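Visitor: I'd love a close look at one part of this structure, the place where two of its helices pack together. Could you walk me through that spot and then lead me outward from there?

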Amino acid sequence: MIQDTGSESDSLVTLNDWIEKACSNGAVPVITGMNGDMDTVGSAISLAASNPNMMACGLHLGRISKRVCVELGAPFRKISNSLDLPNNIGGIIVVDAASESQIGFQLPDGVPKCIIDHHESVNWEFHKSDLIVRMNVSATTEIIAKYLNEYSTSTLTEPVRKLLLAGLITDSG
């Protein structure tokens, strides 16, 4: 297991390296927590916008998330289980979920996973090729914004910034 406990800068470097490797090996679904709140959905869509091999997906879009996604034309693929994921997966990123039970289905075995979350509690089973990125922030969208600002500034379009801000506001009040 790769447990990322360094500085924010070190965490972002490690995250970028993990994403580049995973995307070079195949598709990378960015999976949301099953509650479909704006923090999880905004984080997934914004991160997925940074690489054509990534796609935001999950079980559910909450009422606010659905409205914001429609308004911004933000791509989000609803899936019902791991069989809906692509065949050639280079890795799986899960945003804003403290455990696999919070995404609503079991992930495929043997696929490297990256967990990006702002919560303290973590109940995942990790393997050598996995990564966890946690930061002391109010919302997962803050982690994604820091990553995009450092490694993919061209992704920070007005719609992406709106998604990130909506996630921060709805998660932190």
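Guide: Happy to. Let's start with helix α2 (residues 38-48) and helix α3 (residues 63-72), whose axes come within 8 Å and cross at roughly 35 degrees. Please keep in mind that this is a predicted model. Those two values are a natural place to begin, since two packed helices are described by the angle between their axes and the distance between the axes.

Now to the side chains. On the α2 side the contact is made by Met38, Val41 and Ile45, and on the α3 side by Ile64, Ser65, Val68 and Cys69. Sorted by character, the residues of this contact are 6 nonpolar and 1 polar, with no charged residue among them.

Which residues of α3 are buried? They are Ser65, Val68, Cys69 and Leu72. Around the axis these residues cover an arc of only 100 degrees, which puts them on the same side of α3. The general background is simple: an α-helix has 3.6 residues a turn, so residues three or four places apart point the same way. The cover over the buried residues of α3 includes α2 and α5. On the other side of α3 you find Arg63, Lys66, Arg67, Val70 and Glu71, which are exposed. Just after α3 comes Gly73, with a positive phi of about 65 degrees.

Since α5 has come up, let's follow it back to Met38. Leu168 sits in helix α5 (residues 158-172), and its C-alpha is 8.1 Å from that of Met38, although 130 residues separate Leu168 and Met38 in sequence. Leu168 is partly exposed, with a relative accessibility of 25%; the range for that class starts at 20%. Ile169, also in helix α5, lies 131 residues from Met38 in sequence and 8.8 Å from Met38 in space, C-alpha to C-alpha. Ile169 is partly exposed too, at 49% relative accessibility, and the class ends at 50%.

Helix α1 (residues 8-25) can be read in the manner we used for α3. This helix has 18 residues and spans 26 Å from its first C-alpha to its last, close to the 26 Å expected at 1.5 Å a residue. Its buried residues are Ser11, Leu12, Leu15, Asn16, Trp18, Ile19, Ala22 and Cys23. Looking down the axis of α1, you see these buried residues fall within an arc of 170 degrees, so they line one face of the helix. The face turned away from that buried side carries Glu20, Lys21 and Ser24, which are exposed. Just after α1, Gly26 takes a positive phi of about 150 degrees.

Helix α4 (residues 140-151) holds both Tyr147 and Tyr151, which are 4 residues apart, about one turn of the helix. A search of the whole structure finds 1 aromatic pair. The ring centres of Tyr147 and Tyr151 are 5.5 Å apart and the ring planes are at 25 degrees, so this pair is stacked; the cut-off for stacking is under 30 degrees. Tyr147 is buried, with 4% relative accessible area, while Tyr151 is partly exposed, with 32%.

Let's end with the loops. Asp96 is in the loop between β5 (92-95) and β6 (113-117), and its phi is near 60 degrees, a positive value in a residue other than glycine. For context, most residues other than glycine have a negative phi. Asp96 is buried, with a relative accessible area of 7%.

Ile103 belongs to the loop between β5 and β6 as well. Ile103 is buried, with a relative accessible area of 0%. Leaving aside residues up to four places away in sequence, Ile103 touches Ile31, Thr32, Gly33, Met34, Leu59, Val94, Ala97 and Trp124. Ser154, 51 residues from Ile103 in sequence, is 29 Å from Ile103 in space, C-alpha to C-alpha.

One more loop residue is His127, in the loop between β6 and β7 (131-134). His127 is partly exposed, at 43% relative accessibility. The C-alpha atoms of His127 and Val111 are separated by 9.6 Å, with the two residues 16 apart along the chain.

Conventions: Residues numbered from 1 in each chain as written. Predicted model: local features only at pLDDT ≥ 70, side-chain atom pairs only at ≥ 80, totals over all residues. Heavy atoms only, no water. Phe/Tyr/Trp six-rings, centres within 6.5 Å; stacked < 30°, edge-to-face > 60°. Helix = DSSP H or I, 4+ residues; strand = E, 2+ residues; numbered from the N terminus. Buried < 20%, exposed > 50% of the residue type's maximum accessible area, 1.4 Å probe, protein only. Axes fitted to C-alpha atoms, helices over the stretch in contact; angles between N-to-C directions. Contact = heavy atoms within 4.5 Å. Nonpolar A, V, L, I, M, F, W, Y, C, P; charged D, E, K, R; others polar. Expected span 1.5 Å × (residues − 1). Arc of directions from axis to C-beta.
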